[in-house]
Amino acid sequence: SRHGNMKKKVKRSKGAGSILEECCILCRLSDDDPAMFGEKVTLKEHKLSVHYLCLLTSCGVYQRGEEDEGVFGFLVDDIKQEMRRSARLTCSGCKKKGACVGCFVRSCRKTVHFPCGRKQKFISQFTDSFPSYCPDHSPFQSFCVSSDLSLPQSCSICLDSIDPVLSYSVLKCPSCHASWFHRECVQRQAHSAGLFFFRCTLCNNKDNFQEEMLRMGIYIPERDASWELEANAYSELLEVYKRCDALTCLCDHGRTHSAKTGWFEVIRCRLCGSRGTHRKCSGLKLDTTDWPCTECAQATDGKASLVASPQGGPRRSLLSKRHRSSIHSPISCKRPSLPAASGSPEELLQALAPQLRPLGVQLEVSGDQVLTAGLELVRRSDFNPAHSLSVRSVFREDLWDSDTSRQYFLKLLVQQIQDSVVFEGPDGSKNLALNSQALRDDLYFDVGCLLSISLVHGGPPVGFFSRALYQCLFNFPANRPLTVCHMTPDTRFTRQVSRIAEAQSLDELTEAVSASQEFLELAGCNRPISSLEERDALVEDLVNFTMITRMQLPLQRIREGLQTLGVFDQVQLFPSVFCGLFCEAAVRLSAQTLSQLFSVGFSPQEERLNRETAVISFWRHFLLESEVGRSSISLQDLFLFATGVEELPAAGLLPPPSISFLHPFNSSPPGAEEEEEEDGGGGKQEVMKEWKDEGLFPQSDPGSKHLLLPVTSSYQAFKSSMEQAISHHVHLLPTKR
């Protein structure tokens, strides 16, 4: 057996046991490279070694102990249990057992050892729940470069040449976009600099840089820089210059003597600190402390004594740095949490809703200025996207509740965004348009921000993105080439590329290329064409330039806007799930949809239950007639009456819509008893039925999404009651655009 063979090897080799103890219990490697694998900890009493990053990224082990227990809070028993769990899993890299790191997307089954994951281009994020992502689901950086910024040719850390193509191995600074570097270089820089000194080597940005590096899988240890931790690293800086540099030293004890006070105390130059003198030797007063040396006095025109002293103060401690830092410590914060699970777009958007706050922000707007009002809102200095929206003046407040106003505002907002200068192309299939004024106003970011707010706050699905735009934003489907058919129809660039693509001979191709010479020079594709076979490659380059290269800045800004409230990250994790929400028109309401949408609350009493069962049949039949036009009201009118919205929001309806029943009063109407005596009881029943059918109308509470159906004796009475109440409600609503 395998275990038997291992025992035999141990007997044959005296050093085999110690070698096994030196290997990490999770990845089975003995490498000790703290920058790439984290600190390697060996517990001799347990005959166990483990890499710290292997522990952080393992799926089945969490820190349940204190910092001084086990390995930084990872208990030994838990580590061994994780080893047994992973022993059944095969690494997709080396094909050996013991894979303890899995892709965070539940539907993905890829598992690896942590070092193998680095080779397989896995990205592990050392924050929050410490997720890892395989190449198919991992985050990526977008290429963003302005016209006045040239692409770098060397790594800003090691200065070796670099291919300026963003990939797993090549990253860039999110702030200056000019600092590009190898992944290994920036990881070693982070390990050396630590949390408090790790920043971009060019623009010196710290907060945004660290946040982006954490997202892209760079481990940043929470400690001071390595050069700060060396014993007596700066001891020479504590040495004080004590030598008299006067032309003639009058001290009997020599130039290096310095008394504690008095004439022969050496005082240093106030500016450079590298020159000194005894007071007596330079003819200074006994209380002089502000003295410039000759060189500094000449450099400051003799005004050195007027230079203000640097304000002193206590040295800031590391604790205060931790307190101000926005990056949380990875130590002792890997605690059990629920893994991400794919679901419907509604469920995934609802997962973002808990961050919303009841504190509202007032918004006054007229119907044709919805987009303008939205832009003014997100550009406020105090704007918080998590605050609920309270919309006024879009509708008459006395007739429509605030939830309905907000959702109709969001519907108009999405419509006006689709028609804005940011997008071009046919309705329902828009591409991004390149507009210089929109770039100057940063309109692309604002539009992305508004779309995110609309999705999370109960607005409709986006529904107008083209598949090409969705692919450019979220890389789905991954690595699928764009073609001429993805370009915006009836534009100058599209006509030029189409003419080249449709060329059937070398002469036609040459003529088409010659006619588009200016465009080819702009795209960097002005190259000689010697055969028809070169046509497809040229077309592909031109399409990529038109759709991607020249649109880098708009794409980058709209991505950053979509990160509001976490929408972009959620879509990036589940791009296939969200594709329909961004690219397909909202599903038209149907009788079946509404019937399934509302949950029914029946009464426990048998007599009432029988009546309510009949009313539900009336309800379903009424939905069918409304759908086919046999009723004076539409399904949209009915849905609006019951829920306050005309169509299903992207995040679904909360709370879920429900139905209960409105029964008639139990008391008899006037004259019922007399008719009962005359008719022997039959007359009373007839009067009761007529009274019930005439006195009940449906009622709704859009805030709670609750609908009360009238309990009637016949379908005609039910239909009449519903049509009267809903028609009256629709008549009071403001005129739609």
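These legends go with a set of close-up views of a predicted model.

**View 1. Helix H13 crosses helix H16.** Here we look at H13 (residues 370-378) and H16 (residues 443-456), whose axes come within 10 Å and cross at roughly 95°. That angle makes H13 roughly perpendicular to H16. On the H13 side, the contact is made by Leu-371, Gly-374, Leu-375 and Val-378. H16 answers with Leu-443, Asp-446, Cys-449, Leu-450 and Ile-453. Sorted by class, that gives 7 nonpolar residues, 1 polar and 1 charged. Keep an eye on Asp-446 of H16, as this residue turns up again in the next view.

**View 2. Arg-379 pairs with Asp-446.** What holds these two side chains in one picture is a salt bridge, with the closest N and O atoms 2.7 Å apart. Arg-379 sits in the loop between H13 and strand E12 (387-392), while Asp-446 belongs to helix H16. The partners are 67 residues apart, and the pair links distant parts of the chain. Buried or exposed: which word fits Asp-446? Asp-446 is buried, with a relative accessible area of just 7%, whereas Arg-379 is partly exposed at 45%.

**View 3. Three phenylalanines in the largest nonpolar core.** This core has 119 residues, and the ones that touch the most other members are Phe-423, Phe-465 and Phe-582. Helix H16 gives the most to this core, namely 9 residues. Zoom in on Phe-582 and, leaving out residues up to four places away in sequence, you'll find it touching Leu-455, Val-462, Gly-463, Phe-464, Phe-465, Tyr-470 and Val-571. There is also a second, separate core of 27 residues, with Leu-594, Trp-619, Val-711 and Phe-718 among them.

**View 4. Helix H17, tucked away inside.** How many of the 8 residues of H17 (residues 467-474) are buried? The count is 7, so the helix is largely enclosed by the rest of the structure. The buried ones are Ala-468, Leu-469, Tyr-470, Gln-471, Cys-472, Leu-473 and Phe-474. Their cover includes two strands, E13 (423-424) and E14 (431-432). Helices H21 (535-547), H22 (552-562), H23 (567-573) and H24 (575-583) are part of the cover too. Just past the end of H17, Asn-475 takes a positive phi of about 55°.

**View 5. Arg-467 meets Glu-584.** Staying with H17, we turn to Arg-467, whose side chain forms a salt bridge with that of Glu-584 (2.9 Å, N to O). Arg-467 is in helix H17, and Glu-584 is in the loop between H24 and helix H25 (591-597). With their positions 117 residues apart in the sequence, this pair also links distant parts of the chain. Arg-467 counts as partly exposed, at 41% relative accessibility, and Glu-584 is partly exposed too, at 40%.

**View 6. Asp-78 and Arg-64, plus a small network.** A search of the whole structure turns up 19 salt bridges. One joins Asp-78 to Arg-64, with the closest N and O atoms 2.7 Å apart. Asp-78 lies in helix H5 (residues 76-86) and Arg-64 in the loop between helix H4 (52-57) and H5, so the pair ties together parts 14 residues apart in sequence. Asp-78 is buried, with a relative accessible area of 15%, but Arg-64 is exposed at 56%. Elsewhere, Asp-33, Glu-184 and Arg-188 are linked in a network of salt bridges.

Definitions and conventions. Residues numbered from 1 in each chain as written. Predicted model: local features only at pLDDT ≥ 70, side-chain atom pairs only at ≥ 80, totals over all residues. Heavy atoms only, no water. Axes fitted to C-alpha atoms, helices over the stretch in contact; angles between N-to-C directions. Helix = DSSP H or I, 4+ residues; strand = E, 2+ residues; numbered from the N terminus. Parallel < 35°, antiparallel > 145°, perpendicular 65-115°, else oblique. Contact = heavy atoms within 4.5 Å. Nonpolar A, V, L, I, M, F, W, Y, C, P; charged D, E, K, R; others polar. Core = buried A, V, L, I, M, F, W, Y, C linked by side-chain atoms within 4.5 Å. Buried < 20%, exposed > 50% of the residue type's maximum accessible area, 1.4 Å probe, protein only. Salt bridge = Lys/Arg side-chain N within 4 Å of Asp/Glu carboxyl O.
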